[in-house]
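The following paragraphs lead through a single protein chain, from its local backbone geometry to its overall form. Please keep the sequence and the model in view while reading.

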Amino acid sequence: MESLKLYLVTDSEILKDRDFYYSIEEALKGGVTMLQLREKEKSGKEFLEKAIKLRELTKKYNVKFIINDRVDIALLCDADGVHVGQSDIPGSYVRKLIGSNKILGVSARNVDEAKKAKEDGADYIGVGAMFGTNTKLDAKHVSIETLKEIKDKVSIPIVAIGGLTLNNIDNIKKVNIDGYAVVSAILKSENIKKECEMWINCVK
């Protein structure tokens, strides 16, 4: 799944007082191939407003748009898909709600969770946290060995996530996964567009 190559997950807190939509558009200009709207602290109304605006932006740049957790919001804004974690609605139920034409991503930390995700109809698996991350403080560490094992035993695309930077992904690149989900490394950058261009050159 080529659209997984550089997968940006939003985080308004990291952007602080910088303009949210301008920052995301810079990332899209820089080559992000998939965008996930993740808004844990926002009300449903605010989440939906952002989803509708980002749906327009992602269409403009022909980038796949995924909603984190909220199946209702994904359907309301006609997102390309939904991503759920292990403590969210099970993937099999999400698949029933979104139908067969939308993308379903599921987080997994081990082979059993990854196999279950595939059985439930996932199109890709998000594996992590690969490194320590401030954007998800409860995220448990996943080893490179576990990432390799999931890659070997589960035959759907895999995206690594969790504290990824251009300085620490060399060993992950050797596993030959399908994509890299990035949050802080892109959104904290002084020049978001340039950072994305560097990522694209690094992971292609």
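Ala129 belongs to the loop that runs between β6 (124–127) and α7 (144–153). In this predicted model, the peptide bond joining Gly128 and Ala129 is cis, with an omega of about 15 degrees. Most peptide bonds are trans, and most residues other than glycine have a negative phi.

The sign of phi deserves attention at several further positions. Lys16, a residue other than glycine, has a positive phi near 55 degrees. Its place is the loop between α1 and α2, and with a relative accessible area of 71% Lys16 is exposed, since the cut-off for that class is over 50%. Asp78 likewise is not a glycine and takes a positive phi of about 55 degrees. This residue sits in the loop between α4 and β4 (81–84). Its relative accessible area is 41%, so Asp78 is classed as partly exposed: the value falls between the 20% limit for buried residues and the 50% limit for exposed ones.

Asn62 also has a positive phi, about 55 degrees, just after α3. The loop that holds Asn62 connects α3 and β3. At 72% relative accessibility, Asn62 counts as exposed. From Asn62 to Leu97 the separation is 35 residues in sequence and 24 Å in space, C-alpha to C-alpha.

Helix α3 itself can be checked against a simple rule. It covers residues 44–60, and at 1.5 Å a residue its 17 residues should span 24 Å; the end C-alpha atoms are 24 Å apart, so the model agrees with the expected span. Which residues of α3 are buried? They are Phe47, Lys50, Ala51, Leu54, Arg55, Leu57 and Thr58. An α-helix has 3.6 residues a turn, so residues three or four places apart point the same way. The cover over the buried residues of α3 includes two helices that precede it, α1 (12–15) and α2 (20–30), together with β2 (34–37), β3 (64–68) and α4 (71–76).

Glu56 lies in the same helix, α3. It counts as exposed because its relative accessibility is 55%, against a cut-off of over 50%. Glu56 and Glu195 are 139 residues apart along the chain, and their C-alpha atoms are separated by 23 Å.

Two residues outside helices and strands offer a contrast in setting. Ser3 is found in the segment before β1 (6–9). Is Ser3 buried or exposed? With a relative accessible area of 17%, Ser3 is buried, because the class takes in values under 20%. Leaving aside neighbours within four places in sequence, Ser3 is in contact with Thr33, Met34 and Lys64.

Ile169 is located in the loop between β7 (158–161) and α8 (170–173). Its relative accessible area is 0%, so Ile169 is buried. Apart from neighbours within four places in sequence, the contacts of Ile169 are Leu164, Tyr180, Trp199, Cys202 and Val203. Asn110, by comparison of positions, is 59 residues from Ile169 in sequence and 19 Å from it in space, C-alpha to C-alpha.

The view may now be widened to the chain as a whole. It has 10 helices and eight strands. Along the principal axes, its C-alpha trace spans about 40 × 40 × 30 Å. For 204 residues, a compact globule would have a radius of gyration near 17 Å; the chain has 16 Å, and the two therefore agree. Of the 204 residues, 52% are buried. Among contacts with a separation of 6 or more, 59% are made by residues 24 or more positions apart.

The surface and the charges complete the description. About 10,100 Å² of the chain is exposed, and carbon and sulfur atoms supply 47% of that area. There are 33 positive and 31 negative side chains, and the centres of the two sets lie 2 Å apart.

Definitions and conventions: Residues are numbered from 1 along each chain as its sequence is written. This is a predicted model: local features need pLDDT of at least 70, side-chain atom pairs count only at pLDDT 80 or more; totals for chains, interfaces and linings use all residues. Side-chain values use heavy atoms; hydrogens and water are left out. Helices (H or I, at least four residues) and strands (E, at least two) are DSSP runs, numbered from the N terminus. The radius of gyration is taken over C-alpha atoms; the globule rule is 2.2 Å times the number of residues to the power 0.38. Buried means under 20% relative accessible area, exposed over 50%, partly exposed in between (1.4 Å probe, protein chains only). Contact means heavy atoms within 4.5 Å. Accessible areas come from the Shrake-Rupley method with a 1.4 Å probe; for residues, only the protein chains shown count as cover. Lys and Arg count as positive and Asp and Glu as negative; His and the chain ends are not counted. The place of a charge is taken as NZ of Lys, CZ of Arg, CG of Asp or CD of Glu. The expected span of a helix is 1.5 Å times one less than its number of residues.
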